[in-house]
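Let's take a friendly tour of the ligand site and the open pockets of this protein. Have the 3D view at hand as you read.

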Amino acid sequence: MTRYLIAPSILSADFAQLGNEVSHVITAGADIIHFDVMDNHYVPNLTVGPMVCSAIRPMVKVPIDVHLMVKPVDSMVTAFAKAGADIISFHAEASEHIDRTLQLIHDNGCKAGLAFNPATPLGYIEHVIDKLDLILIMSVNPGFGGQSFIPHALEKIATVRKMIDASGRDILLEVDGGIKTDNIALVAQAGADTFVSGSAIFNSPDYTATIQAMRAQLKTVS
Ligand code: DX5
Ligand code: ZN
């Protein structure tokens, strides 16, 4: 049976009380903390860097999943590994040398993920699948929380699920963007096992109830 992981994105948390928000969402049942890093260059928004990751690390007892939306990538890999990241993902277009960046992530003791925007082809995967611990399918264009899920992502998720199963490797299939209680089962049915959710959790009045409602939906997936 698939083990489903819920990964709240801190992008929609109250940044004035980030430590409390992170502790709260972990108590509410988060499996992973998704940490969105934007540079106002690769994406048109600016968020947080390694110092903030270091600051929350002591209170986070679950893996920290750093989603780098930055270009260039490599200097941020070493910085976030030092800041306590467990998983580091980057976008295929943002690295000049994808294979080298994946190796760098592993050399720094972290799990490595490769992220695909809605219009990015999946072809890279076949060349680097032996170095991947996670494949991140974006179901919105990166840069902002609170956008609507792009339905075309479902086909892509199904294709990646086949690629992962054919490889026989233990690779998480994470989906990011517009995931809510009312579409999480559809995303799981397509083949995802790890669900990033920002606004649906942090804008809800009760994080525990929202995460439990998501898990209840996931139980309906055959
Ligand atoms: C978008 C970010 C997402 C985002 C998800 O660029 O990578 O992680 O915060 O937020 P929601 O769930 O609100 O779409
Ligand atoms: Zn993200």
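Ligand 1 sits in the largest cavity of this predicted model. The elements that contribute two or more residues to its shell are strand 2 (33-38), strand 3 (64-69) and strand 8 (194-197). Strand 2 contributes the most, with three residues.

In total, 20 residues surround ligand 1, and the closest are Asp 36, Gly 143, Asp 176, Gly 198 and Ser 199. By class, this shell has seven nonpolar, 11 polar and two charged residues.

Three distances from oxygen atoms of ligand 1 are worth a look in the viewer:

| Partner of a ligand 1 oxygen atom | Distance |
|---|---|
| N or O atom in the side chain of Ser 9 | 3.1 Å |
| N or O atom in the side chain of His 67 | 3.2 Å |
| Polar backbone atom of Gly 178 | 2.8 Å |

How much of ligand 1's accessible area does the protein cover? On its own, ligand 1 has 380 Å² of accessible area, and the protein covers 100% of it.

Now for the pockets. The largest pocket holds about 240 Å³ of space. Its lining is made up of 13 residues, and those closest to the pocket centre are Leu 5, Ile 87, Lys 111, Asp 133 and Leu 172. This lining has seven nonpolar and six charged residues, with no polar ones.

The second largest pocket has a volume of about 200 Å³. Met 1, Thr 2, Tyr 4, Arg 215, Leu 218, Lys 219, Val 221 and Ser 222 line this second pocket. They divide into four nonpolar, two polar and two charged residues.

Technical notes:
Residues are numbered from 1 along each chain as its sequence is written. Chains are lettered from A and ligands numbered from 1 in the order in which they are written. This is a predicted model: local features need pLDDT of at least 70, side-chain atom pairs count only at pLDDT 80 or more; totals for chains, interfaces and linings use all residues. Side-chain values use heavy atoms; hydrogens and water are left out. A residue is near a molecule or strand if one of its heavy atoms lies within 4 Å of it. A polar contact is a pair of N or O atoms within 3.5 Å; within protein, one must be able to donate a hydrogen and the other to accept it, and residues adjacent in sequence count only if both atoms are side-chain atoms. Accessible areas come from the Shrake-Rupley method with a 1.4 Å probe; for residues, only the protein chains shown count as cover. On a 1 Å grid over the protein atoms alone, a cavity is a set of points where a 1.4 Å probe fits but cannot get out, and a pocket is an open set with protein on both sides within 12 Å along at least five of seven lines; lining residues have an atom within 4 Å of a point. A molecule sits in a cavity or pocket if more than half of its atoms lie within 2 Å of its grid points. Helices (H or I, at least four residues) and strands (E, at least two) are DSSP runs, numbered from the N terminus. Ala, Val, Leu, Ile, Met, Phe, Trp, Tyr, Cys and Pro count as nonpolar, Asp, Glu, Lys and Arg as charged, and the others, Gly among them, as polar. Grid points are joined across faces, edges and corners, and a volume is the space filled by probe spheres set on the points.
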